[in-house]
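Subject: Structure for you to look at

Dear colleague,

I am passing on the structure we spoke about, and below it you will find my notes on what turned up. Please read them with the structure open beside you.

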Amino acid sequence: MRKLINAFFLAAGLLFTANIANAQQKLAHLNSAAIIEAMPEVKTARTALEAFQKTKQADIEKMISEYQTKLKAAQDKEKTMSEANKEAIGKELQTMGAELQDLEKRIGDARQKAQQELETKNAELFNPIQVKADAAIKAVSKEKGFAYVFDTANPAVIYSDGGEDITALVKTKLGIAATATAPKK
């Protein structure tokens, strides 16, 4: 019986000690959007993504222009139809209509493919930036002994009072001036 009581007090003591240790864990917060926005790689990635997007848009606009030209030609051809050439012009118009439908489908497919390629390019350009920022955040958190770091850029964090804001420390770790630009809203 005495052993049982001793075991109970020992377990309670360990639980109490564990709770105190957990209560003393250090907390911090940062703004990941401000960190990433300040990284010089972001400007380069945005420029590359915009150039890629313009190229894809130009290709699609070229196809649309071709479609409009063919549509106008079909409309003009239709105006020349008379009873005498009705059969010949009708066949030409059917052929032109099929070409226009094919071109419409190709334009839709090109838009869809361009969107997918744009998403792929976006991930290709911005994922390494995110990985670099995450690595710096983890390094600073470990160096400063933080058990938890909350991101104030995440809308799930509604209130942050207390803890240490380590945004500037992470920017410094990345070689960015701590006063570099804040995120655009």
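Glu124 forms a salt bridge with Lys121, and the closest N and O atoms of this pair are 3.4 Å apart. Because Glu124 and Lys121 are 3 residues apart in helix α4, about one helical turn separates them. Lys121 has a relative accessibility of 22%, so it counts as partly exposed, the limit for a buried residue being under 20%. Please keep in mind throughout that this is a predicted model.

Salt bridges that share partners also join Glu66, Lys70, Glu99, Asp102 and Arg106 into one network. Within that group, Arg106 forms a salt bridge with Glu66, with the closest N and O atoms 3.9 Å apart. This pair links distant parts of the chain, since Arg106 belongs to helix α4 and Glu66 to helix α3, and their positions lie 40 residues apart in the numbering. Arg106 is partly exposed, with a relative accessible area of 39%, and Glu66, at 32% relative accessibility, likewise counts as partly exposed.

A further pair in helix α4 is made by Glu87 and Lys91, which form a salt bridge with their closest N and O atoms 4.0 Å apart. They are 4 residues apart in the helix, which means that about one helical turn separates them. Glu87 counts as exposed at 60% relative accessibility, and Lys91 is exposed as well, with a relative accessible area of 52%; the limit for calling a residue exposed is over 50%. The count for the model comes to 14 salt bridges.

Turning to helix α3, I compared its length with what one would expect. At 1.5 Å a residue, the 40 residues of this helix (residues 40-79) should span 58 Å, and the end C-alpha atoms are 59 Å apart, so the two values agree. The buried residues in α3 are Val42, Ala45, Leu49, Ile60, Met63, Tyr67 and Ala74, and the buried residues of this helix pack against α2 (32-38) and α4 (86-144).

Which residues have the most contacts inside the largest nonpolar core? They are Met39, Phe126, Ile129, Ile166, Val170 and Leu174, in a core that has 22 residues. At least two residues of this core are supplied by each of β1 (26-30), α2, α3 and α4, and the largest share, 8 residues, comes from α4. Apart from this core lies another, of 8 residues, including Ala74, Ile89, Leu100 and Ile107. As for Met39, when residues up to four places away in sequence are not counted, it touches Ile129, Lys132, Ala133, Leu174 and Ile176.

Finally, there is a nonpolar patch on the surface, of about 290 Å², which is made by Leu27, Tyr148 and Phe150. Phe150 lies in strand β2 (residues 146-151) and is partly exposed, with a relative accessible area of 40%.

With best wishes

How values were computed: Residues numbered from 1 in each chain as written. Predicted model: local features only at pLDDT ≥ 70, side-chain atom pairs only at ≥ 80, totals over all residues. Heavy atoms only, no water. Expected span 1.5 Å × (residues − 1). Buried < 20%, exposed > 50% of the residue type's maximum accessible area, 1.4 Å probe, protein only. Contact = heavy atoms within 4.5 Å. Core = buried A, V, L, I, M, F, W, Y, C linked by side-chain atoms within 4.5 Å. Patch = residues over 30% accessible without salt bridge, like charges linked within 9 Å, V, L, I, M, F, W, Y side chains within 5 Å. Areas by Shrake-Rupley, 256 points an atom, 1.4 Å probe, with all protein chains shown as cover. Salt bridge = Lys/Arg side-chain N within 4 Å of Asp/Glu carboxyl O.
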